[in-house]
Amino acid sequence: MRKRFIAGATCPTCQAIDTLALQRENNIDVVECVKCGHQMREADKQVRDQVRTNEQVIGIFHPE
Ligand SMILES: [Zn+2]
């Protein structure tokens, strides 16, 4: 399973920076904070937009 850290993203729960990792689970993008374990799913559009934005910024967007 691929895990990609999101540069510059802030965890909404523990406020840590650069601890959010994006991974794919059952075809759903799941963002998990490796520090506090907080999980956000694709349904959370705000998080998704943040992930997409950051992916483009750091240039690791991989269309599948
Ligand atoms: Zn956290």
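Start by selecting T19: leaving aside neighbours within four places in sequence, T19 is in contact with F5, C11, E32, C33, V34 and K35. Contact here means heavy atoms within 4.5 Å. Before you click further, keep in mind that this is a predicted model, where local features need pLDDT of at least 70 and side-chain atom pairs count only at pLDDT 80 or more, while totals for chains, interfaces and linings use all residues. Residues are numbered from 1 along each chain as its sequence is written, and side-chain values use heavy atoms, with hydrogens and water left out.

**Around T19**

Stay on T19 for a moment. T19 sits in the loop between strand 1 and strand 2, and with a relative accessible area of 12% T19 is buried. The cut-offs go like this: buried is under 20% relative accessible area, exposed is over 50%, and partly exposed is in between, with a 1.4 Å probe and protein chains only. Now add C33 to the selection and draw a C-alpha to C-alpha distance: T19 and C33 are 14 residues apart in sequence and 5.3 Å apart in space.

**The zinc site**

C33 leads on to the metal. Which residues coordinate the zinc ion? Pick the SG atoms of C11, C14, C33 and C36, which coordinate the zinc ion at 2.3 Å. Donors are N, O and S atoms within 2.8 Å of the metal (3.2 Å for Na, K and Ca); water is not among the atoms, so sites may look incomplete. Along the sequence, the zinc donors follow the spacing C-x2-C-x18-C-x2-C.

Next, check the angles. The four donor atoms of the zinc ion make angles of 107 to 113 degrees, and the site is tetrahedral. For four donors, that label requires all angles to lie between 85 and 135 degrees. The ideal angle for four tetrahedral donors is 109.5 degrees.

Are C33 and C36 alike on accessibility, or unlike? Colour by relative accessible area to look: C33 is buried, at 0%, whereas C36 is partly exposed, at 36%. C11 also counts as buried, with 0% relative accessibility. While the cysteines are selected, look for disulfides, meaning pairs of cysteine sulfur atoms within 2.5 Å; the count comes to zero.

**The loop between strands 1 and 2**

Switch to a backbone view and find Q15, in the loop between strand 1 (3-5) and strand 2 (20-25). Q15 is not a glycine, yet its phi is positive, at about 65 degrees. Q15 counts as exposed, at 53% relative accessibility.

Then move to D18, which lies in the loop between strand 1 and strand 2. Phi of D18 is near 65 degrees, again a positive value in a residue other than glycine. At 45% relative accessibility, D18 counts as partly exposed.

**The strands**

Turn on the cartoon. Strands (E, at least two residues) and helices (H or I, at least four) are DSSP runs, numbered from the N terminus. Strand 1 and strand 2 pair in the antiparallel sense over three bridges; pairing takes at least two DSSP bridges between the strands. Select F5 and you can find its bridge partner, A21, in strand 2.

How many bridges join strand 2 to strand 3? Strand 3 covers residues 28-33, and six bridges join it to strand 2, with the two running antiparallel. Pick L20 here, and C33 stands opposite in strand 3. At the turn, the hairpin of strand 2 and strand 3 has two residues between the strands, and N26 takes a positive phi near 55 degrees.

Go on to M40, in strand 4 (residues 39-41). M40 is buried, with a relative accessible area of 5%. Its C-alpha atom is separated by 8.6 Å from that of D29, 11 residues apart along the chain.

**Zooming out**

Finish with the whole chain in view. The protein chain has one helix and four strands, and from the N terminus on the elements run β-β-β-β-α. Of its 64 residues, 31% count as buried. Among contacts between residues at least 6 apart in sequence, 25% join residues at least 24 apart. Put a surface on last: the protein chain exposes about 4200 Å², and carbon and sulfur atoms supply 50% of it. That area comes from the Shrake-Rupley method with a 1.4 Å probe; for residues, only the protein chains shown count as cover.

Technical notes: Tetrahedral: all angles 85-135°; square planar, octahedral: opposite > 155°, others 65-115°.
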